[in-house]
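Colleague: Could you walk me through one part of this model slowly? I would like to see how helices pack against each other.

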Amino acid sequence: MWESLSPPWQAALEMAWEAYCAGTIPIGAAVADTQGNIISRGRNRILDTSAPKGQVFNDMLAHAEINALLSLKLDQESRHTSALYTTMEPCPLCMGAFYMSSVRTIHFAARDPYAGSTNLLGTTPYLSRKPIRVVPPFDATLEISLIAMMVETEITLRGDSIITSRFFAEWREMSPQAVELGIALYRSKELRTRQQAGLPANLAFDWLANQVQ
């Protein structure tokens with residue numbers, strides 16, 4: 001799977017894996033120009049105790065998209081032609097930050113039925129003014145892999161009781177396969193074992209893709 005992905009997607013996935021390895025929410029993001037060159041990167045850091053200069057950490061606002069956009073050093077015109085790539089559909093916080101960042105295109109690799117908020121576009125006069133382009137998930141195996149990793153992480157952080165929560169019910173309704181894979185990964189500890197062994201992002205996601213039946 002890895003070799004078929006464009007450099008911006010590889011960068012976003014590297015950030016997601018770095019977040020997973022750091023013990024926080026496994027979401028990564030990257031901004032790229034029209035040639036696919038990586039301009040900035042960011043990852044979830046809500047449980048981190050440090051971050052690169054200018055990024056947010058140890059705070060509930062320390063989301064991947066926020067950190068990628070905070071690291072973006074472009075003039076407004078150049079931002080119009082760049083694109084944000086994120087592994088998970090942005091929440092209301094990140095959707096608002098993206099809209100106000102002057103970046104005009106957003107790609108996301110996995111839907112989020114619980115917090116995903118791309119549907120906010122066009123709902124108010126302000127959110128209807130800019131010519132925003134939203135590119136939805138493009139690969140079912142990648143989407144299942146990312147959701148499964150999210151599920152495994154949420155159970156690890158919150159405990160087994162979350163499996164029967166409303167949070168998981170919404171994920172299960174959208175992608176039961178991904179939720180069951182995430183639960184299986186949590187119980188087997190196979191993904192954690194690979195993380196502890198220092199597996200790089202490309203091999204981790206290729207392995208995850210092979211677990212999707």
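Which residues in α1 meet which residues in α9?

Modeller: Happy to help! This is a predicted model, where local features need pLDDT of at least 70, side-chain atom pairs count only at pLDDT 80 or more, and totals for chains, interfaces and linings use all residues. Residues are numbered from 1 along each chain as its sequence is written, and side-chain values use heavy atoms, with hydrogens and water left out.

Now to your question. Leu13, Glu14 and Trp17 of α1 meet Ala201, Ala204 and Phe205 of α9; contact here means heavy atoms within 4.5 Å. Helices are DSSP runs (H or I, at least four residues), numbered from the N terminus. By class, this contact of α1 with α9 has five nonpolar residues, no polar ones and one charged. Ala, Val, Leu, Ile, Met, Phe, Trp, Tyr, Cys and Pro count as nonpolar, Asp, Glu, Lys and Arg as charged, and the others, Gly among them, as polar.

How do the two helices lie? Two packed helices are described by the angle between their axes and the distance between the axes. The axes of α1 (residues 7-22) and α9 (residues 201-211) come within 9 Å and cross at roughly 90 degrees. That makes α1 roughly perpendicular to α9, a term for angles of 65 to 115 degrees. Axes are lines fitted to C-alpha atoms, for helices over the stretch in contact, and angles run from 0 to 180 degrees between N-to-C directions.

Looking along α9, Ala201, Ala204, Phe205, Trp207, Leu208 and Ala209 are buried, meaning under 20% relative accessible area with a 1.4 Å probe, protein chains only. The buried residues of α9 pack against α1, α5, α7 and α8 (190-196).

Definitions and conventions
Helices (H or I, at least four residues) and strands (E, at least two) are DSSP runs, numbered from the N terminus. Angles under 35 degrees count as roughly parallel, over 145 as roughly antiparallel, 65 to 115 as roughly perpendicular and the rest as oblique. Buried means under 20% relative accessible area, exposed over 50%, partly exposed in between (1.4 Å probe, protein chains only).
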